[in-house]
Amino acid sequence: MRRGREAHPPASRIPHPAARILVSKEKILATTTTTTSPHGHADHGHAAHGPELQHHFCTPAQQKEAATLGMWVFLVTEVMLFGGIFMAYAVYRWAFPEVWAEAAYHLNTPLGTINTVVLLVSSLTVALAVSAAEAGKRTRVIQLLLVTMVLGVAFLGLKAYEYSEKFSHCAGYSTPAQWVGGGEQHAVYECLVPGQAFLFPADKTTGVSNAPTVAGQGTPYQLFFFLYFVATSLHAVHMLIGLTIMGYLAFITWRGVITPTYFTPIEIGGLYWHLIDIVWVFLFPLFYLVH
Amino acid sequence: MTHKEHEHAHAHIGPATYYKIFAALMVLMFLTVGAWWVETVVEIPRALGVFIALVIASTKTVLIVLFFMHIKVSSRVVQLYAIAALFGLLFLFVITMGDYIARGWPPQLGPLP
């Protein structure tokens, strides 16, 4: 990296350390003006790089390192965002372990398991896409990114079905299809969507909720479903953003932006997708696998 | 740039490793669902069940971070940031939970003292 810096105008031109800031400002100005010039790269002393190397970086490796570090800084903030939800979860599960066990019984564990597999496979396809990009297999990168998108859509589809199941129960139907088709009403009324209508079916025969009153909480069952909907919907929003990123990456790969020497977008886009996967790795056992 | 650093920047993880890690992740996924299923039959302390689930989830996370997210072959400063996330979570959980438990958690039913 130091080698690269020496290739710039010699530092001996700088008259005094105090004037360094001023000089570097001039340098920036000079750089921005030369960007438009076709000979902008000529005096840099390293012609062995593509047009993707920005002028404020010395080497492609340094540019990639900066991008990766920047992405990780963002990922740390994402971890803290979801960490807050997990924190709230820990506090309330600590207080109401029985409530958690009863409430979690009402989530669709088989669908949750399928979704876990779907996300793990999508993480593999993204990792393979990064490898393919490094190897310069353009078509393979696009294929893998599209497979990732299909898996992401499948995940969201199953999640949407799970949500609609809960909402159709609130509307008085046992399945979403019956709700849409105007089928038979649910025999036992239950509503697991937090809100005014929330009713936990503690007694399945009468449908009357006998949820115990805990200090400051009308029905603590609602807490579980509140955290469930907040956590999984925030995760789903991240999936939507991830899908957009994957689509964009497939597009720029198709346009030929991605080369074996420049595949940073695939790499850091992949980092984001893997983070979403990690969040689900924790959401799954904490909401679906509770006793 | 020293020779070591040069090698470091070019180190990468290939598809063969990705497939192995994926297989390990699937095994762990079946383990966590299996443990849950066994716990419906065999009664074990609730805390132990949560502990098993979290250990498996953490192992999956370590595998994904090290191999899929390339932290194993990343530079020291990127590795530091990945660990920083862990420390951030640690502070969040230890300080918050410590405060809750010190004040008496879970809350007790009955008239206020």
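Helices are DSSP runs of H or I with at least four residues, and strands are runs of E with at least two, each numbered from the N terminus. The legends below describe a predicted model.

**Figure 1. Overall view of chain A, with nine helices and zero strands.** From the N terminus on, the elements of chain A follow one another as α-α-α-α-α-α-α-α-α. Chain A has 291 residues, of which 32% are buried. Among the contacts in chain A with a separation of 6 or more, 65% join residues 24 or more positions apart.

**Figure 2. Confidence along chain A, from helix α1 to helix α9.** Chain A has a mean pLDDT of 82, and 76% of its residues reach 70 or more. The lowest confidence in chain A is found in helix α1 (residues 2–6), with a mean of 45, and the highest in α9(A), at 97. Over residues 18–46 of chain A, pLDDT stays under 50, and the model has twelve contacts beyond four places in sequence for this stretch. Residues 210–217 of chain A also have a pLDDT below 50, with 15 contacts in the model beyond near neighbours in sequence. Where pLDDT is low, the predicted coordinates should not be read in detail.

**Figure 3. Close-up of helix α4 (residues 97–104) of chain A and its buried residues.** The buried residues of this helix are A:Val99, A:Trp100 and A:Ala103. These residues lie on the same side of α4(A), because they cover an arc of only 100° around the axis. An α-helix has 3.6 residues a turn, so residues three or four places apart point the same way. The buried residues of α4(A) pack against two other helices of chain A, namely α3 (60–95) and α8 (221–254).

**Figure 4. Close-up of the largest nonpolar core, around A:Ala129 and A:Phe224.** Among the 80 residues of this core, A:Ala129 and A:Phe224 touch the most other members. Helix α9 (residues 264–288) of chain A gives the most to the core, with 16 residues. Which residues does A:Ala129 touch, not counting residues up to four places away in sequence? They are A:Val141, A:Leu144, A:Leu145, A:Thr148, A:Ile266 and A:Gly270.

**Figure 5. Spans of chain A that UniProt lists as "transmembrane region".** The unreviewed UniProt entry lists residues 69–92, 112–130, 142–161, 225–251 and 271–290 of chain A under this name. Over residues 69–92 of chain A, the model is 100% helix and 0% strand, and the end C-alpha atoms are separated by 35 Å. Residues 271–290 of chain A are 90% helix and 0% strand, with the end C-alpha atoms 29 Å apart.

**Figure 6. Close-up of the contact between chain A and chain B.** Chain A contributes 41 residues to the contact, and chain B contributes 43 residues. On the side of chain A that touches chain B, the elements giving two or more residues are α3, α5 (109–134) and α9 of chain A. The most residues on this side come from α3(A), which gives 16. By class, the side of chain A that touches chain B comprises 28 nonpolar, nine polar and four charged residues.

**Figure 7. Overall view of chain B and its annotated spans, with four helices and zero strands.** Along the sequence, the elements of chain B read α-α-α-α. Of the 113 residues in chain B, 19% are buried. The annotation "transmembrane region", taken from an unreviewed UniProt entry, covers residues 21–38, 44–68 and 80–102 of chain B. Residues 21–38 of chain B are 100% helix and 0% strand, with the end C-alpha atoms 25 Å apart. Residues 80–102 of chain B are likewise 100% helix and 0% strand, and the end C-alpha atoms of this span lie 32 Å apart.

**Figure 8. Close-up of B:Trp105, in the segment after α4 (76–102) of chain B.** Is B:Trp105 exposed, partly exposed or buried? B:Trp105 counts as partly exposed because it has 14 C-beta neighbours inside 10 Å; a residue is buried at 20 or more and exposed at 12 or fewer. Leaving aside residues up to four places away in sequence, B:Trp105 touches A:Trp94, A:Ala95 and B:Tyr100. The C-alpha atom of B:Trp105 is separated by 29 Å from that of B:Thr61, which is 44 residues apart along the chain.

**Figure 9. Close-up of B:Leu54 in helix α3 (residues 46–68) of chain B.** With 14 C-beta neighbours inside 10 Å, B:Leu54 is classed as partly exposed. B:Leu54 and B:Ile44 are ten residues apart along the chain, and their C-alpha atoms are separated by 15 Å.

Definitions and conventions. Residues numbered from 1 in each chain as written. Chains lettered and ligands numbered in written order. Predicted model: local features only at pLDDT ≥ 70, side-chain atom pairs only at ≥ 80, totals over all residues. Arc of directions from axis to C-beta. Contact = placed C-beta atoms within 7 Å. Core = buried A, V, L, I, M, F, W, Y, C linked by C-beta atoms within 7 Å. UniProt positions renumbered as here; feature names shortened; annotations may be inferred. Nonpolar A, V, L, I, M, F, W, Y, C, P; charged D, E, K, R; others polar. pLDDT = per-residue confidence, 0-100.
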